[in-house]
Amino acid sequence: MTQAKSHTPTVLVLGAGMSGILAGIKLKEAGISTFEILEMGDSVGGTWRDNTYPGLSCDVPAHSYDYTFEPNWRWKSTYAEGPEIYAYFKHCSDKYGVTPHVRFGTRVTSVTREGELWTVLSADGVKRQAQIVINCLGVLVHPMEPDIEGLQSFAGPRFHSASWDHSVSMDGKRVGVIGTGSTATQIICALADRTARLEMYQRTAQWVCPNFDTRRPEWLRQLHRAVPKISWAAGRIQNWILESTFCQAVIGNQRMKNILLKLCLRHLAKVKDPVLREKLTPRFELGCRRLIFSDTFYDAIQKPNVSLVTEGIQRIEPQGIRTKDGQLHELDVIVTATGFHALDYTRNLVIRNEQGQSLGEVWAQGAQALRSVAVAGFPNFFMLIGPHSPIGNFSLTGISEIQMKYIMSFIDRIKSGEVKTLNPKPEAQTRYNAHLRDGFAKTQWVTGCSSWYLDKNGLPRMYPFTPNDYRREMKDPDIAEFDVTATA
């Protein structure tokens with residue numbers, strides 16, 4: 001029997017955020033240097049590069065947000081601030097030699113299967129071809145502006161939280177923040193002591209849980225620096241706590257949900273004014289939307305210069321925001337903290353297979369994939385943080401590592417010369433998604449609220465089981481789930 005000839009495949013990675021950097025690290029680790037990472041920005045970091053608003057931080061404990069192979073001793077608090085996270089991912093990209101593979105200022109417009117290769121076209125007109133494409137474009141990329149009459153008519157500075165204009169001073173100004181999600185609450189906390197008047201425009205009250213954030217003393221940081229395994233262990237402990245509490249609550253553990261509910265209600269009781277407290281009390285079950293973690297939001301919203309506006313926005317005028325009660329709220333600055341076109345995997349991007357089908361067309365009735373990382377009909381096309389990844393359950397870096405290990409098991413087969421292409425079998429993909437649907441009914445995401453967790457059919461776009469279930473399902477990749485073309 002003739003032994004297959006080793007063949008190092010060409011790979012194109014889309015995006016140089018957290019998952020794109022990870023893909024580059026693991027490709028290099030496997031001895032594959034024939035890859036490029038196409039990045040539309042001017043540096044690595046993705047979401048943590050683009051978002052720079054005041055108060056930006058991660059709501060996942062810092063050590064559990066590390067790559068497991070690169071524990072970070074530098075975190076200043078239990079939860080990391082945005083600039084720290086950006087610096088960490090940039091450090092990882094440089095340390096592991098990924099940065100030289102990144103093509104900055106390269107916005108991908110189309111990915112097309114032509115014969116045995118993928119052709120990737122960028123906005124500058126350059127065509128690139130590769131045997132394998134790994135889509136790492138992220139889930140929070142394209143800001144969503146609110147559909148409000150007169151939005152463009154405001155005479156003062158107005159910008160989305162993801163495009164913060166740092167040339168605009170907030171000190172002593174009248175500022176309106178539209179939104180009540182995690183971003184909005186962080187901005188309110190950061191600006192409460194700087195503005196003359198700060199108004200938060202609320203459509204839906206959110207559940208807010210204390211995050212018990214603490215500063216890490218210098219001696220502890222230096223201890224972590226001297227013994228990196230301590231940082232690694234801290235990450236595993238933080239991850240275990242997260243998975244044993246919130247992750248369990250959102251997938252149907254009633255006992256854990258009740259514990260978190262009591263914690264949130266006790267936190268809400270810090271609001272002394274009963275009228276304000278009533279306005280801040282959610283009307284949906286805990287876990288139906290993304291839970292907000294903040295120790296300081298309820299303190300900030302009670303400051304004399306801060307107010308919660310719940311009357312509803314009628315329109316925006318040159319002088320400010322007019323609410324449905326007829327009142328004009330005169331403002332100097334408006335910030336729209338209204339989120340992203342989340343989980344919109346093909347926005348501004350056409351991905352087309354050899355049969356001429358676009359991925360957007362295939363997913364017209366809802367995105368489906370095989371184990372979140374591959375799609376039937378799109379051979380040698382992989383994704384990190386694809387459809388039904390457990391992004392509402394635990395750390396994105398942890399998810400990416402699980403998925404990249406799974407993907408690399410197949411890329412290694414291509415590199416060894418064992419196979420040329422892998423294409424998920426439609427029946428395997430259908431079977432896997434039926435398995436997911438069986439788990440949706442017991443989750444908090446289907447208890448009646450609207451959120452970006454749900455697709456247009458009202459079905460969760462998340463993984464409905466435990467993190468350990470996901471690890472177990474991804475541990476032993478099964479090539480029998482793929483149609484395989486052997487190397488000649």
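The second largest cavity of this predicted model holds about 30 Å³ of space. Its lining consists of Leu 343, Tyr 345, Ala 367, Pro 387, His 388 and Arg 461. By class, four of these residues are nonpolar, one is polar and one is charged. Under the rule applied, the count is two cavities of 30 Å³ or more.

The largest cavity encloses about 50 Å³. Residues lining the largest cavity include Thr 180, Thr 185, Met 200, Gln 202 and Ala 205. Gln 206, Val 208, Leu 280, Ile 292 and Phe 297 also belong to this lining. The lining of the largest cavity divides into six nonpolar and four polar residues, with no charged residue. The lining of the second largest cavity, in contrast, has one charged residue. Empty space of this kind is revealed by rolling a probe the size of a water molecule over the atoms.

The model also contains an open sheet of four strands. The strand order is β6-β5-β4-β18, and the pairing is mixed. Strands β6 (127-130) and β18 (350-352) stand at the edges. Each has a single partner strand, so one side of each is left without a neighbour in the sheet. From one strand to the next, the twist averages 15°.

Pairing in a sheet runs through backbone hydrogen bonds, in either a parallel or an antiparallel sense. Strand β5 (residues 117-122) pairs with β6 in the antiparallel sense. Four bridges join β5 and β6. Leu 121 has Lys 127 of β6 as its bridge partner.

Note on methods
Residues numbered from 1 in each chain as written. Predicted model: local features only at pLDDT ≥ 70, side-chain atom pairs only at ≥ 80, totals over all residues. Heavy atoms only, no water. 1 Å grid on protein atoms, 1.4 Å probe; cavity = no way out; pocket = protein on both sides within 12 Å on 5 of 7 lines; lining within 4 Å. Points joined across faces, edges and corners; volume = space filled by probe spheres on them. Nonpolar A, V, L, I, M, F, W, Y, C, P; charged D, E, K, R; others polar. Pairing = 2+ DSSP bridges. Helix = DSSP H or I, 4+ residues; strand = E, 2+ residues; numbered from the N terminus. Axes fitted to C-alpha atoms, helices over the stretch in contact; angles between N-to-C directions.
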